[in-house]
Amino acid sequence: MTGPRVKRLCSRTACKAAAVATLTYVHADQTAVLGPLATYAEPHTYDLCADHTTRLTAPRGWNVVRLAIDLSEPEPTPDDLLALADAVRAAAAPPPAPETPPTEAGRPVLTVLRGLDSSR
């Protein structure tokens, strides 16, 4: 079972807005690439909200490549809603009953587990 998709937030400090774009850098070419929100969060990329996407500037001498970006916040999909419902059902399910050890005439029975190192 997979959990509900977590809404990614803007990478900018103290910004709690939803991310709509992903920023990557190509240091060798001195280029910043701003494109649609990546499917997965990757190291060395930055997710930005609509406000920070439109206000992005790069260091002097760098180029900014802006790909076509939909600045609206993504809507939940039916898969998200189903995953959320599954998570709620799993959380509401009663915990499994603890296993009762086998007994013989009211006395516990010792069970030997093979393959365990007894020297530890």
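## Cys10 and its contacts

In this predicted model, let's start with Cys10. Which residues does Cys10 contact, once its neighbours within four places in sequence are left aside? They are Cys15, Ala17, Ala18, Ala19, Asp47, Leu48, Cys49 and His52.

## The nonpolar core

Cys10 also belongs to the largest nonpolar core, a group of 10 residues. Its fellow members are Cys15, Val20, Ala21, Leu23, Ala32, Leu34, Leu48, Cys49 and Leu56. Two strands, β1 (21-26) and β2 (31-36), each supply at least two residues of this core. A general tendency fits here: in soluble globular proteins, nonpolar side chains tend to be buried together.

## Ala21, a core residue in β1

Now follow the core to Ala21, which lies in strand β1. Is Ala21 buried or exposed? Ala21 counts as buried because its relative accessible area is 0%, and the cut-off for buried is under 20%.

Not counting residues up to four places away in sequence, Ala21 touches Leu34, Gly35, Pro36, Leu37, Tyr46, Asp47, Leu48, Thr53 and Ile69. You can also look from Ala21 to Ser72: these two are 51 residues apart along the chain, and their C-alpha atoms are separated by 10.0 Å.

## Arg8, before the first strand

Where is Arg8 placed? Find it in the segment before β1. A polar atom of the Arg8 side chain lies 3.3 Å from the backbone oxygen of Thr39.

Thr39 is also one of the residues that Arg8 touches when those up to four places away in sequence are not counted. The others in that list are Ala17, Ala18, Ala19, Thr22, Leu37, Ala38, Tyr40, Ala41 and Asp47.

Notes: Residues are numbered from 1 along each chain as its sequence is written. This is a predicted model: local features need pLDDT of at least 70, side-chain atom pairs count only at pLDDT 80 or more; totals for chains, interfaces and linings use all residues. Side-chain values use heavy atoms; hydrogens and water are left out. A nonpolar core is a set of buried Ala, Val, Leu, Ile, Met, Phe, Trp, Tyr and Cys residues joined through side-chain atoms within 4.5 Å. Buried means under 20% relative accessible area, exposed over 50%, partly exposed in between (1.4 Å probe, protein chains only). Helices (H or I, at least four residues) and strands (E, at least two) are DSSP runs, numbered from the N terminus. Contact means heavy atoms within 4.5 Å. A polar contact is a pair of N or O atoms within 3.5 Å; within protein, one must be able to donate a hydrogen and the other to accept it, and residues adjacent in sequence count only if both atoms are side-chain atoms.
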